[in-house]
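Student: Could you take me through one part of this model in detail, namely the sheet, what packs on it, and the enclosed space that its strands help to line? I would like one connected account.

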Amino acid sequence: MSAFEVRQGSSPVILGFPHTGTDVPPAIWERLNDNGRVLADTDWHIHHLYDGLLPDVTTVRATFHRYVIDANRDPAGNSLYPGQNTTGLVPGTDFDGRPIWKDGEEPGEEDVADRLADFHAPYHAALSSEIERVKAIHGIAVLYDCHSIRSGIPFLFEGTLPDFNIGTDMGKTCDQTLQAATVDVVSNAQGYSSILNGRFKGGWTTRHYGQPETGIHAIQMELAQATHLITETAPFAYDKSKANKLRIHLKDILTRIETAALTLAHTKRGTK
């Protein structure tokens, strides 16, 4: 199976989907326990939620599940949030801290190395290639990294997660006009809550690629799954009515980011 799917467009915006894939190779599937086989920590339906919102947008989607290897973790294995509970490059537990592997079947260093080569590296090679292609067209590229998570996970955070969680690593990963455009939309989205750089400040993807000084900007959007699922438990069914309301605001975000990116590109060309 291919580790990724790419749909090329001409917009300066690229949508990344590192966690919507549910493919698990048979040999790895056999090592998961019953809890792991639920695949509960999938970013359920996110690629469908964003589909068609921005004409000519490029999308790069990992097809493999995060239990195979997490495409949004540092390949060196460094923690994104030192001192806080989180899951690693190849998770040993789910988001509730419960084991996902059968006893004695936990992945070792050789497993991790193989999965880095077979899944993590090809996905990021594809993503890097699209970022450079888009940047060559516009002189700028904006990676909008699409995520979702359950609203309540005591192992990872206290209380209930806001609906919109914007991550820019405290403003380091994108130009302030892009951040401001995103914040303005979610702050004015009636019936929804939001936060900037709260529990989720941007994963490895956002922090790795977001280098505004080079013309590459990155923003992570972590959505609470209550905004678009019928329930946040199996079978994690898509709620079309909820999703359609949410898509109005997501479309507004992407449109405004694209407009801001094109303005930045024009300004950059004008100063040369």
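**The sheet, its helices and the cavity**

Tutor: In this predicted model, helix H3 (residues 109–138) lies across E1, strand E2 (13–17), E3, E4 and E7, and it runs at about 170° to E3. Helix H4 (residues 176–187) also packs on the sheet, where it touches E4, strand E5 (164–167), E6 and E7, with a direction that makes about 20° with that of E7.

The sheet beneath these contacts is open and is formed by 7 strands in the order E1-E3-E2-E4-E7-E5-E6, with mixed pairing. Strand E1 (4–7) and strand E6 (194–196) stand at the edges with a single partner strand each, so one side of each is left without a neighbour in the sheet. From one strand to the next, the twist averages 15°. At the E1 edge, the pairing with strand E3 (residues 58–62) is antiparallel and extends over 4 bridges; Phe 4 has Ala 62 as its bridge partner in E3.

Turning to the enclosed space, the structure holds 1 cavity of 30 Å³ or more, and about 190 Å³ of space lies in the largest cavity. Its lining is made up of 20 residues, of which Arg 66, Arg 73, Phe 95, Phe 200 and Glu 222 are the closest to its centre. Strand E4 (141–149) and strand E7 (216–224) each supply at least two residues of this lining, and the largest share, 3 residues, comes from E4. By residue class, the lining divides into 6 nonpolar, 9 polar and 5 charged residues.

Technical notes:
Residues are numbered from 1 along each chain as its sequence is written. This is a predicted model: local features need pLDDT of at least 70, side-chain atom pairs count only at pLDDT 80 or more; totals for chains, interfaces and linings use all residues. Side-chain values use heavy atoms; hydrogens and water are left out. On a 1 Å grid over the protein atoms alone, a cavity is a set of points where a 1.4 Å probe fits but cannot get out, and a pocket is an open set with protein on both sides within 12 Å along at least five of seven lines; lining residues have an atom within 4 Å of a point. Grid points are joined across faces, edges and corners, and a volume is the space filled by probe spheres set on the points. Ala, Val, Leu, Ile, Met, Phe, Trp, Tyr, Cys and Pro count as nonpolar, Asp, Glu, Lys and Arg as charged, and the others, Gly among them, as polar. Two strands pair if DSSP finds at least two bridges between them. Axes are lines fitted to C-alpha atoms, for helices over the stretch in contact, and angles run from 0 to 180 degrees between N-to-C directions. Contact means heavy atoms within 4.5 Å.
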